[in-house]
Amino acid sequence: AVDWWSVGVLTYELLTGASPFTVEGEKNTQQEISRRILKTEPPIPTHLSALVRDFISRLLVKDPRQRLGGGPRDAKELKEHAFFRKAPAPFSWEALERRKIPPPFVPRIAHELDTSNFSDEFTKMVAADSPAVVPPNYDKIFRGYSYVAPSILFGDNIVSEAIFKDSTTDNNQHHNSSPSDTLTARFEESPFFQHYEIDPRDEALGDGSFSVCRRCRHRQTKQEYAVKIVSRRVDCGREANLLRTCQGHPNIVKLIDVYQDRAHTYIVMELLSGGELLRCNRRVSETEASKIMKQLASAVQFMHARGVVHRDLKPENLVYAHSGEDSIIKVVDFGFARMKRSSEPLHTPCFTLPYAAPEVLARQGYDESCDLWSLGAILYSLLSGKPPFRAGSPDLASRIKTGAIDFDSEEWQHISQLGKEVAKGLLCTTPNERLTAAALVRHSWLSGTNISTPIIDNYHVESTSGVVSQKQASFRLKDVDGAKLAQRRKLHKRSTSSSVSSSASTTSSSPSSVQLLRPPSAATSIRTSASPAQPSAFDFGEERVNEYLSSLSSSSDSNSPRNIIRESPKPKRRKRNIDIDEQSSNSSGSGPVTRSRKRKLEQANGSDSSVGSSGTSNTTIQGNLHRKEKA
């Protein structure tokens with residue numbers, strides 16, 4: 001219910017432009033805001049409609065049990081409120097979920113330095129660096145935290161370049177050696193690199209926090225394989241053993257060998273080049289889906305017969321052997337797999353949410369039937385072109401637990417009754433009533449002979465997050481100095497330091513004090529030109545960068561005249577010192593002021609003659625001298 005309170009506050013701010021518990025003109029400290037939240041009711045403007053006022057008021061109820069959405073129906077209470085039910089077209093929850101509703105406001109960003117979408121209250125503030133204080137025991141704080149993920153170490157990035165550069169320097173190798181030779185030199189004691197070579201410039205087949213899967217090549221046969229490199233911080237011995245247990249089935253990835261060195265475990269497997277199940281541009285008909293499920297059902301039955309539960313069946317772990325139309329599909333990644341004893345249930349919640357079985361999410365004991373539920377979710381995606389539970393929906397876990405699956409949508413109109421029967425049998429929320437792997441293999445639908453509907457092959461299958469045919473661009477770590485934000489800060493720091501040095505010089509020389517009194521635009525133009533510009537660091541012109549830096553430093557320039565005002569009374573202070581000297585000289589009993597003493601006083605006063613008020617000071621001092629001579 002706390003989240004629905006936040007929704008009420010956000011709704012209030014969006015519709016009014018103000019916070020419900022801050023009062024303009026009064027103290028808005030954390031203590032005052034907390035007191036208002038606990039003791040007062042927020043003022044809701046009367047210009048809002050009755051539906052809006054009711055919606056906000058019911059969300060900002062202090063009793064969480066009485067709050068809208070605080071009951072057992074949770075989000076459904078908000079969705080059924082009249083504020084949404086009477087919303088004008090084209091709004092609907094289905095259209096919103098499918099992203100069919102255009103956003104009411106899209107902020108325009110002219111360039112990287114455009115801050116027009118933010119309040120001037122913040123953009124006009126002078127940027128100030130606040131470096132952290134280095135603790136005295138800094139050398140001991142990060143001791144033991146030298147871990148580098150395999151995806152970084154065996155990739156083409158700035159971190160691996162620095163590591164391997166040190167290695168090649170220590171070994172006195174030639175700088176023109178290939179990246180593969182550099183890796184071999186760095187891991188010369190590794191048995192894997194004695195037999196295989198890796199080119200880090202090749203794109204990774206997959207990666208994670210403690211592992212990476214890359215293409216490798218045997219040094220003698222030149223045959224290409226896939227190797228999963230896992231950090232020794234993670235015990236992957238079980239994964240290799242279970243994969244070895246499941247060898248011998250054509251639809252399970254073939255294990256070649258396993259190597260270990262001091263830092264990593266290397267699981268070498270056959271190279272599958274056909275792509276993942278839902279990430280290749282294949283068109284799927286019900287007949288094709290039946291053939292795919294026949295292969296997967298056979299593989300799962302093979303694993304279960306040997307006591308192995310995969311626990312992470314999903315489209316990303318189902319890969320085609322090659323790109324041909326007749327390619328078979330294979331199960332990969334046994335990282336979550338577990339050996340199950342005959343009567344002992346499993347309890348560890350290992351899953352990928354859109355394909356997780358209800359009993360796994362309920363933290364109950366579960367068995368190998370969780371793999372059949374995952375097959376059902378995959379089959380649903382193949383037959384309908386969309387997943388049964390779209391990732392990102394707020395009530396995804398509860399929908400899976402209740403089995404809220406739609407088999408009556410338009411996408412299912414062309415599916416045969418046998419196909420629906422298999423999908424419903426696999427997506428049964430009761431594990432004991434769910435289809436087993438053996439029953440699935442024997443089902444007549446998998447033979448493909450009883451499919452009477454025409455082949456529909458004009459749609460692409462969607463993943464849990466949307467379209468999957470487009471591949472994301474690869475990510476590469478680079479030097480932080482190359483980041484545009486870092487270069488912009490360096491440029492601003494140079495301009496700020498030059499302004500500080502010019503301010504310091506103005507206090508010691510009189511002509512520069514006149515320059516400080518110029519308008520901010522003139523001052524900033526001088527400052528910007530004094531600092532070396534770096535137009536290559538930006539994607540736009542130097543003039544725009546200078547304009548931006550001028551706007552940042554103009555507010556700091558406005559402090560300069562105040563500094564001059566503090567400096568200008570110095571001649572008067574000097575005058576008082578002279579008077580004190582005269583009084584001390586007169587009180588010393590040395591008699592009246594002589595010509596030599598007068599000349600010394602005039603010389604002392606002449607050092608202040610560059611200041612605009614020196615004429616007045618000289619007249620005053622001269623008058624004092626004449627009065628003292630008369631005395």
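This short presentation walks through one predicted protein model, from the whole chain down to a single residue.

Let me begin with the chain overall. The chain contains 27 helices and 11 strands. Of its 631 residues, 37% are buried. If we take the contacts between residues at least 6 apart in sequence, 62% of them join residues at least 24 apart. The chain exposes about 37700 Å², and carbon and sulfur atoms account for 51% of that area.

I turn next to a pair of helices. Helix α14 covers residues 286-305, and helix α16 covers residues 369-384. Their axes lie 10 Å apart, and the two helices pack at an angle of about 170 degrees. Because an angle over 145 degrees counts as roughly antiparallel, α14 is described as roughly antiparallel to α16. Which residues make this contact? From α14 come Glu286, Ala289, Ile292, Met293, Leu296, Ala297, Val300 and His304. From α16 come Asp371, Leu372, Leu375, Leu379, Leu382 and Leu383. By character, the residues of this contact comprise 11 nonpolar, one polar and two charged.

Now to the strands, with β4 as our point of reference. Strand β4 runs over residues 224-231 and is mostly covered, with seven of its eight residues buried. How does β4 pair with strand β3, residues 211-218? The two strands pair in the antiparallel sense, over seven bridges. Within this pairing, Arg215 stands opposite Ala226 of β4. The connection between β3 and β4 is also worth showing: these strands form a hairpin, with five residues between them. In the turn of that hairpin, Lys222 has a positive phi of about 65 degrees.

Strand β4 has a further partner in strand β6, residues 264-270. Here too the strands run antiparallel, and seven bridges join them. As an example, Ser231 has His264 in β6 as its bridge partner.

Finally, I would like to draw attention to one residue in a loop. Asn317 lies between β8, residues 308-309, and β9, residues 318-320. Is Asn317 buried or exposed? Its relative accessibility is 5%, so Asn317 counts as buried, given that the cut-off for buried is under 20%. What, then, is Asn317 in contact with, once its neighbours within four places in sequence are left aside? Its contacts are His310 and Asp312, together with Lys330, Val331, Val332 and Asp333.

To close, three places to revisit in the structure are the contact of α14 with α16, the strand β4 with its bridges to β3 and to β6, and the loop that holds Asn317.

Key: Residues are numbered from 1 along each chain as its sequence is written. This is a predicted model: local features need pLDDT of at least 70, side-chain atom pairs count only at pLDDT 80 or more; totals for chains, interfaces and linings use all residues. Side-chain values use heavy atoms; hydrogens and water are left out. Axes are lines fitted to C-alpha atoms, for helices over the stretch in contact, and angles run from 0 to 180 degrees between N-to-C directions. Helices (H or I, at least four residues) and strands (E, at least two) are DSSP runs, numbered from the N terminus. Angles under 35 degrees count as roughly parallel, over 145 as roughly antiparallel, 65 to 115 as roughly perpendicular and the rest as oblique. Contact means heavy atoms within 4.5 Å. Ala, Val, Leu, Ile, Met, Phe, Trp, Tyr, Cys and Pro count as nonpolar, Asp, Glu, Lys and Arg as charged, and the others, Gly among them, as polar. Buried means under 20% relative accessible area, exposed over 50%, partly exposed in between (1.4 Å probe, protein chains only). Two strands pair if DSSP finds at least two bridges between them. Accessible areas come from the Shrake-Rupley method with a 1.4 Å probe; for residues, only the protein chains shown count as cover.
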